Amino acid sequence: MVPTDTNPALVQRVIENLSSAVLLMDESLCVRFINPAAQALFAISTRQVTGQKLSAISPAGKLLERAAQQGLESGEAFTERERRLEVSVGRYITVDVAVTPLTDGDVLLELAHLDRRLRITREQHLISQNQATRHLLRGLAHEIKNPLGGLRGAAQLLERELNDVELKEYTQVIIKEADRLRTLVNGMLGPNSRPNKRKINIHEILERVRQLVEAEAPSGVTIERDYDPSIPPLMAESNQLIQATLNIVRNALQAVGEVGRITLRTRTQRQFTISDVTHKLVARIDIVDSGPGIPPEMMDRIFYPMVTSRPEGTGLGLSIAQTLVNQHGGLIECWSEPGHTVFTIWLPLERENGG
Ligand SMILES: Nc1ncnc2c1ncn2[C@@H]1O[C@H](COP(=O)(O)OP(=O)(O)O)[C@@H](O)[C@H]1O
Ligand SMILES: [Mg+2]
């Protein structure tokens, strides 16, 4: 009698329900088998890839084929840790790749997805950091704004009493500087109104932002679009999302300088978790630039208010953008290397979370 644990139908069921992605390649590195988790990861179907090389379909193919080749040549199983794969254009994940050469000349690849774990800790950190600084700033801003109002009012009264034009220059300095400080403090406070949500199309937002920055962009900078037209409308306040996106795109523009490329890309993703809530469908907006990138030592702080590397910068752009997107149940993440910086805005698409 066949014991149950070698029952082919049962084995099949187990493989089909594994959460790790499994691929089997033959000795010429063509795909013989791909389980559903791997199909979802690479966004491809069995039919598309069976008998084909993965590198013909996914940018990650090359790296995996190299690993498979190494397994075939050495005849030994090994694991490559924390590999960054571009599973489909612009979508990166981090995986451990276990390579097992089989006796019949095939090689088995098993990818364990690490991003979930890495991402969720990083994201909780981002959100709590944002809330803590916001709380601190509100208190501080309140303490500054009251005396500032008094100062400005007194300077105005004094100005009325003065006949000497030269002396009025001094009161003007006080008034102007008080106004500048108030604008700065209001900027630090960021948006405090709850979003007034309507049904909007994400591409209208991006097109608006694109028009605004096209006008500011030097002639050597191209702004490209790579939109997924099937993204359903979402509930959001368009002004707030325009502001958030604009802050990111302006940074990209400043980063590339006179010559470079900025890409606005949209995609959807199924089953995605943002701060403990798993959404059936989310929109992903990538703002990619070809600039020099963000120095690693600065990476952890860029979403803090007042963090800037530019002499004329306020360091408020990203902090405000993060708050605006958080208010929509979303999140901004960033990934950067020289020549390739990606800011990703995640926004939930279901109605119950969006409105
Ligand atoms: N696309 C980018 N490329 C390189 N550095 C960036 C990019 N976006 C943001 N930064 C860095 O993050 C800092 C903070 O950005 P932001 O909060 O918008 O403030 P500001 O633009 O006023 O400096 C910038 O000064 C810059 O150092
Ligand atoms: Mg900025």
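**Exercise 1. Find the loop that holds Ala43, and look at its backbone and surroundings.**

Start with the place: Ala43 sits in the loop between H2 and helix H3 (46-49). Helices (H or I, at least four residues) and strands (E, at least two) are DSSP runs, numbered from the N terminus. This is a predicted model, where local features need pLDDT of at least 70, side-chain atom pairs count only at pLDDT 80 or more, and totals for chains, interfaces and linings use all residues. Residues are numbered from 1 along each chain as its sequence is written, while chains are lettered from A and ligands numbered from 1 in the order in which they are written.

Next, the backbone: phi of Ala43 is near 55°, a positive value in a residue other than glycine. Then the surroundings: Ala43 counts as partly exposed because it has 15 C-beta neighbours inside 10 Å. The cut-offs, with C-beta atoms placed from the backbone, are 20 or more other C-beta atoms within 10 Å for buried, 12 or fewer for exposed, and anything in between for partly exposed.

**Exercise 2. Do the same for Leu29, then for Ala40.**

Leu29 lies in the loop between E1 and strand E2 (31-34). Its phi is positive, about 70°, although Leu29 is not a glycine. With 17 C-beta neighbours inside 10 Å, Leu29 is partly exposed.

Ala40 belongs to helix H2 (residues 36-42). Count around Ala40 and you get 14 other C-beta atoms within 10 Å, so partly exposed is the verdict. Now pair it up: Ala40 and Ala21 are 19 residues apart in sequence, and their C-alpha atoms are 8.6 Å apart in space.

**Exercise 3. Work out which side of H4 is buried and what it packs against.**

Check the length first. H4 (residues 61-74) has 14 residues and runs 20 Å from first C-alpha to last, close to the 20 Å expected at 1.5 Å a residue. That expected span is 1.5 Å times one less than the number of residues.

Now pick out the buried residues of H4: Gly61, Leu64, Ala67, Ala68 and Gly71. They lie on the same side of H4 because they cover an arc of only 135° around the axis, the arc being that of the directions from the helix axis to the C-beta atoms. On the other side of H4, Glu73 and Ser74 are exposed.

Then the partners: the buried residues of H4 pack against strand E1 (21-25), strand E3 (78-88), strand E4 (91-101) and strand E5 (107-113). Just past the helix, Gly75 has a positive phi of about 70°.

**Exercise 4. Look at the packing from the strand side, using Leu109.**

Leu109 is in strand E5. It counts as buried because it has 24 C-beta neighbours inside 10 Å. Leaving aside neighbours within four places in sequence, Leu109 is in contact with Leu23, Met25, Leu64, Ala67, Ala68, Val97 and Val99; contact means C-beta atoms, placed from the backbone, within 7 Å. Take Ala67 as a check: Leu109 and Ala67 are 42 residues apart along the chain, yet their C-alpha atoms are separated by 8.7 Å.

**Exercise 5. Repeat the helix analysis on H7.**

Helix H7 (residues 202-216) has 15 residues and reaches 22 Å from first C-alpha to last, close to the 21 Å expected at 1.5 Å a residue. Its buried residues are Ile202, Ile205, Leu206, Val209 and Arg210. They share one side of H7, since their arc around the axis is only 130°. The face turned away from that side carries exposed Gln211, Glu214 and Ala215. What covers the buried residues includes strand E6 (198-200), strand E7 (220-226), H8 and strand E9 (259-274).

**Exercise 6. Describe the shell around ligand 1.**

Of the 21 residues around ligand 1, Ala255, Thr308, Ser309, Gly313 and Gly317 come nearest. A residue is near a molecule if its C-beta atom, placed from the backbone, lies within 6 Å of it. The elements giving two or more residues to this shell are helix H8 (238-256) and helix H10 (317-326), and H8 supplies the largest share, four residues.

Sort the shell by type and you get seven nonpolar, twelve polar and two charged residues. Here Ala, Val, Leu, Ile, Met, Phe, Trp, Tyr, Cys and Pro count as nonpolar, Asp, Glu, Lys and Arg as charged, and the others, Gly among them, as polar.

Key:
Contact = placed C-beta atoms within 7 Å.
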